[in-house]
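Visitor: I am new to reading protein structures. Could you walk me through a feature or two?
Guide: Gladly, let us look together.

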Amino acid sequence: MQIHLIAIGEKMPAWVQQGYQEYAKRLPAECRLKLVEIPAGKRGKNADIERIMRDETDRLLNAIPKGARVVALEVGGRNWSTEQLAEQLGDWMQSGQDVALLVGGPDGMTERARSAADQLWSLSALTLPHPLVRIVLAEQLYRAWSVLRNHPYHRA
């Protein structure tokens, strides 16, 4: 199984790339994490945000691998504890189906993107900066894997 983190935004600062890579490289081949960056639409003073979001949604949905389970990261989604995420990861791994995690742009995700998802997941009720979401996702996936494998990384 491969996890595809499909995120709007590219050219992240070095600290984001380093933080993401630190945890992504720890994940074994059985649940490898792959980042797919989708360019964000140009936002300016008089930008048509609805059109930009539609275009971003098109590119986001087109990046989903065929047959992948789609999980949209959405503030209105379900909150999972570490143990619940580990259970989700275990189910995903057992299915053998790739997973696509969708992260919207600065203005969020369209209803079309949300409705394309099999699941909606909320990392937090807090508003997190999109670059930080990548690091948190990678770390939490590694932590969930460590719970499944009784690895000492996760100490509850």
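**Salt bridges and a cavity**

Guide: Welcome! This is a predicted model. Let us start in helix α4 (residues 111-115), where Glu-111 and Arg-114 are three residues apart, so about one helical turn separates them. The two form a salt bridge, with their closest N and O atoms 3.2 Å apart.

Visitor: How many salt bridges does a search of the whole structure find?

Guide: The search finds eleven. One of them joins Arg-26 to Glu-22, whose closest N and O atoms are 2.7 Å apart. These two residues also belong to a network of salt bridges that links Glu-22, Lys-25 and Arg-26.

Visitor: Is Arg-26 buried, partly exposed or exposed?

Guide: Partly exposed means between 20% and 50% relative accessible area. Arg-26 has 32%, so it is partly exposed. Glu-22, at 29%, is partly exposed too.

Visitor: What does the salt bridge between Glu-30 and Arg-149 tie together?

Guide: Glu-30 lies in the loop between α1 (14-24) and β2 (32-38), and Arg-149 in the segment after α5 (130-148), so the pair ties together parts that are 119 residues apart in sequence. Their closest N and O atoms are 2.8 Å apart.

Visitor: And cavities: how many of 30 Å³ or more does the structure hold?

Guide: It holds one. The largest cavity has a volume of about 40 Å³.

Visitor: Which helix gives the largest share of its lining?

Guide: Helix α2 (residues 49-62) does, with four residues. By class, the lining has four nonpolar, five polar and one charged residues. Among the lining residues are Ile-8, Glu-56 and Gly-104.

Note on methods: Residues numbered from 1 in each chain as written. Predicted model: local features only at pLDDT ≥ 70, side-chain atom pairs only at ≥ 80, totals over all residues. Heavy atoms only, no water. 1 Å grid on protein atoms, 1.4 Å probe; cavity = no way out; pocket = protein on both sides within 12 Å on 5 of 7 lines; lining within 4 Å. Points joined across faces, edges and corners; volume = space filled by probe spheres on them. Helix = DSSP H or I, 4+ residues; strand = E, 2+ residues; numbered from the N terminus. Nonpolar A, V, L, I, M, F, W, Y, C, P; charged D, E, K, R; others polar. Salt bridge = Lys/Arg side-chain N within 4 Å of Asp/Glu carboxyl O. Buried < 20%, exposed > 50% of the residue type's maximum accessible area, 1.4 Å probe, protein only.
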